[in-house]
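Please look over the structure shown here, and then follow the account below with the sequence at hand.

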Amino acid sequence: MSSDLCRCHWVDLSKPDYVAYHDTEWGVPVYDDTKLFEFLTLEAAQAGLSWYTVLKKRDNYRQAFADFDPVKVASFDEAKAAELLQNPGIIRNRLKVAAAINNAARFLEVQAEFGSFSNYQWRFVDGKPQQNSIASPADFRATSPESDAFSKDLKKRGFKFVGSTIIYAHMQACGMVNDHHNNCFRKTAL
């Protein structure tokens, strides 16, 4: 990881794991349903916190949430939820844990209806990443008409912790939008 490369302003260069996330994952289009469920779960867990807080706990989340297998997570019962709330490796918020379990079941319903969650999700951007022009931090947005529509539809389907801001962050993370700064070395790589 070269510190000579121009990166997005939000990347803290003193945190190698954060730099690696920016350089190799953030904004890369994701079509794998397990990975999409992971991002959806982690973005919901991040609500009210920094992404870096969740990123540091991601390996713990993978272990606690069955490698983000939605079939397994959807089967978690009250005893498993109580166990998760005792796990110091994850964000121990009762509503967020309950949302992850609920969202796994809703995720499976979407898969059954659309063939995959990916098919469903990518419809909100006509199947290809939106390329946004980000010349300064002021150009970053927290929501978009697409995240509003995606969020509204998820809520209608019974998903929790899927407000438009959370969904826009999800869209950024899994490459539905390319919000790398115009001068960032990753901008044209995607």
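What follows moves from the interior of the model to a cavity and then to three single residues.

This is a predicted model, in which local features need pLDDT of at least 70 and side-chain atom pairs count only at pLDDT 80 or more, while totals for chains, interfaces and linings use all residues. Residues are numbered from 1 along each chain as its sequence is written, and side-chain values use heavy atoms, with hydrogens and water left out.

The largest nonpolar core, where a core is a set of buried Ala, Val, Leu, Ile, Met, Phe, Trp, Tyr and Cys residues joined through side-chain atoms within 4.5 Å, has 50 residues, and those with the most contacts inside it are Phe65, Phe117 and Phe150. At least two residues of this core come from each of helix 1 (16-24), helix 2 (33-46), helix 3 (51-64), helix 5 (78-84), helix 6 (94-114), helix 7 (117-122), helix 8 (145-156) and helix 9 (164-173); helices here are DSSP runs of H or I with at least four residues, numbered from the N terminus. Once neighbours within four places in sequence are set aside, Phe65 is in contact (heavy atoms within 4.5 Å) with Val73, Phe76, Leu84, Ile90 and Ala100.

Phe65 and Ala100 also appear among the residues that line the largest cavity, together with others including Phe37, Tyr61, Lys96 and Asn103. A cavity is a set of points on a 1 Å grid over the protein atoms alone where a 1.4 Å probe fits but cannot get out, and its lining residues have an atom within 4 Å of a point. The structure holds one cavity of 30 Å³ or more, and about 90 Å³ of space lies in the largest cavity, with helix 2 and helix 6 as the elements that give two or more residues to its lining.

Lys96 of this lining is in turn touched by Leu49, which also contacts Ile91 when neighbours within four places in sequence are left aside. Leu49 sits in the loop between helix 2 and helix 3 and is partly exposed, with a relative accessible area of 36%, given that buried means under 20%, exposed over 50% and partly exposed in between (1.4 Å probe, protein chains only).

Lys72, in helix 4 (residues 70-74), is likewise partly exposed, at 48% relative accessibility. Gln172 in helix 9, by contrast, is buried, with a relative accessible area of 11%, and apart from residues up to four places away in sequence it touches Trp26, Gly27, Phe140, Val177 and Asp179.

Key. On a 1 Å grid over the protein atoms alone, a cavity is a set of points where a 1.4 Å probe fits but cannot get out, and a pocket is an open set with protein on both sides within 12 Å along at least five of seven lines; lining residues have an atom within 4 Å of a point. Grid points are joined across faces, edges and corners, and a volume is the space filled by probe spheres set on the points.
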